[in-house]
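Notebook open, coffee poured. I want to look at one helix and its end, then go through some charged pairs.

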Amino acid sequence: MAATMKPVLANPDKSGIIAEDIALGSWIKISPDNKVTVMLSQAEIGQGISTTLPAILVDELGADWQTLSIETAPFAPAFRNPKLNWMFTGNSESTQSFYELMRKTGACAREMLLSAAAQRWQVPVAECTAEQSQVTHAGSGRKCSFGELARDAARLPLPISPQLKTRQQLKLMGRSLPRVDVPAKIDGSAIFGIDLQLPGMLHAAIRICPYIGGSMKSYDAPALKALPGVIEVVPFPNGVAVVAHSYWQAKSALQACPPEFAAAAGQNLNSSQLRKDYAHALRAGPFATFAKEGDAASILSQNKKQLHAEYENPFAAHATMEPMNCTAVVSADKCEIWAPTQGQEFAHVALKSIFQLKDEQVIIHRTDAIGGGFGRRLLPDFVIQAALIAKAIAKPVKLLWDREEDFSHDYYRPASMLALDAALDVQGWPTAIQAKLVSPTILLPVFPPIAGMLKEKHIDPSAIEGLAELPYELGAKQMDFHLFETAIPTSVMRTTGFGPNLFAIECFIDELAYLGKHDPLSYRQHCLRNNPRALAVLAKVASMSKWSKPSSKSGRAKGLAFAFAFGTYIAQVLEVEVKSNVIKVLNTWLAVDCGTVLDPGIAAAGIEGGVVFGLAYANTAIHFNQGRCEQRNFNDYELPYLAQTPHIAVEFIDSGAALGGVGEVSPITVPPALSNAVFAASGKRIRRLPLAEQGFKLA
């Protein structure tokens, strides 16, 4: 039986250590009956991290994977991202940042157990081995379980530089392990935030002003309180929450007696005007240069053969399957919350400040299961709301946003415009490129300390991703950025700046190849000629897709896209059939080099799921009208259906390079590969997303 995930909603004390368990550091607990428990610091949001991180540690430790227990870690400094010193899950950071720490942690505990056994038997440590949760002495055949040794091992000092196993000694790395989170999700026993129950808990629904920057005009508290099941009405500066015995009663009350809201004075946000404002910024600036090599402007001014193109990405919603929710209990000297969050520390800091509490008085429990994140759950807004309601009514309460609230109060992926200019020599190869990017901030809401840099340099590091580290050799280059000011809340979303920027770059590379009369594959190979890992994924995907063999069927063609993002190289070929304005996505092939592949099954699933996510980026958009988001639910924010999903083939190149992330790379290459395939099939370029803006739709 595979390792199982143990739901823990509340730890028995601040350390999270059960009395009979013995701790070997912060991450490992061993019971006298030889049950090994590993703490999981990262949020399981479908990416398989609840399997991969414990497997890394257990591989070094020598514990029995089949009997392992995994426990969700509370917020504590020990569980912070070791590179960024902050407890969060996102940005494809988990395996990259925790890999070395997990190995060292496992190795430390293993050496402590080996030393305890060696001392007990009075033998050299080198004669002892740890495997399947027991230590064996090679010479005598004596054995001791980890549980029998744990107490003695815990008295020993933590090794400073433990000896890590060789790749050949590791037994779990490189294997496709059964995911530990899946069984509970299949049988319904998984505890999502929306499932959590506390004794005496009430339920809250909320309605905050849907107009960006708007305010609440009025609400009828007596009428709301008179409705069935309603216990209390809690006002907010720009909205109101209703607390009832059940969520349905609270939600129904708000529908029966809705508050009235007013748009912000002089604020009439609409998508049409926003697009004009973006276009004006693209022409007028001002711009801050963030990358420059040579004199691209001079080359462009003198070169006759050149290409100018402008690309547009729309606003997008996170649209997590599980809406924002949080359960809270707040008293004068304690705030305890249970939430499906990616940002435990951000929530801790915010609540500590709001209620003026000490560190130990704020307790954050991350739920074991989370119904999607994509960066939205890094923010603590919904957690703060739940805590304020709980404080007001002095009882446990679960706040649940309905889908309409979720769409209206997202922190959207920002729209962007990117103008690209390139000069070509007589053979069609690039000699210079210039980029002008217009985008609001991405990073500020999840990393407020960047405010000073934005004010001083007017550059958002996340917004320029993909341009700042462009791997192509394109001659002289100049990359400029305009920080677009808007009242629309924007933040990180899966692919961050890489997605929108590489949609433009990869479409532009295809256009350059066409202008220079080169094959799109050979053009990329030429521009990446000194990058062996890039060339390897391009060669692999060309072989997988039989790139050199064009389709004989009219209206059917393939498109190519490449990316280097989150430490990973990826190349994708996508095949479509275009009839009139209808696109049928048939097949896609992806070659991926993420360094060492820790778990091929989980890695492949991440790439495959990302393909569907990328199709959503190409096909959906958030629009604004009269100061508010137009989309309310999935009926007008349509995500891809199963029937629209192509056949997906994924192959990995295990280059042995530094670990890269796989959770966010494949959504990056889907929109440009799709757009390039549509051009190859129909002769029509797509420079503006979603597809409907160019007259196309998915079959």
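Started just past α17: G683 there has a positive phi, about 80°. Note to self: this is a predicted model.

Backed up to the helix itself. α17 covers residues 666-682, 17 residues in total, and its first and last C-alphas are 24 Å apart, close to the expected 24 Å. I checked how covered it is: 15 of the 17 residues in α17 are buried.

Next, salt bridges. I get 35 in the structure. Picked three to look up.

First pick: R80 with E345, 2.7 Å from N to O. R80 is in the loop between β5 and α2 while E345 belongs to helix α9, so this pair ties together parts 265 residues apart in sequence. Buried or exposed? I looked up both ends: E345 is buried at 4% relative accessibility, and R80 is partly exposed at 21%.

Second pick: D654 and R167, at 3.5 Å N to O. This pair links distant parts of the chain, 487 residues apart: D654 is in the loop between β28 and α17, and R167 in the loop between α3 and α4. D654 comes out partly exposed at 41%, and R167 is partly exposed at 39%.

Third pick: D480 and K436, with the closest N and O atoms 3.4 Å apart. Here strand β22 supplies D480 and strand β21 supplies K436, 44 residues apart. D480 is buried at 3% relative accessible area, whereas K436 is partly exposed at 26%.

Last entry: I also found E44, R179, D181 and K185 joined into one network by salt bridges that share partners.

Key
Residues are numbered from 1 along each chain as its sequence is written. This is a predicted model: local features need pLDDT of at least 70, side-chain atom pairs count only at pLDDT 80 or more; totals for chains, interfaces and linings use all residues. Side-chain values use heavy atoms; hydrogens and water are left out. Helices (H or I, at least four residues) and strands (E, at least two) are DSSP runs, numbered from the N terminus. The expected span of a helix is 1.5 Å times one less than its number of residues. Buried means under 20% relative accessible area, exposed over 50%, partly exposed in between (1.4 Å probe, protein chains only). A salt bridge is a side-chain nitrogen of Lys or Arg within 4 Å of a carboxyl oxygen of Asp or Glu.
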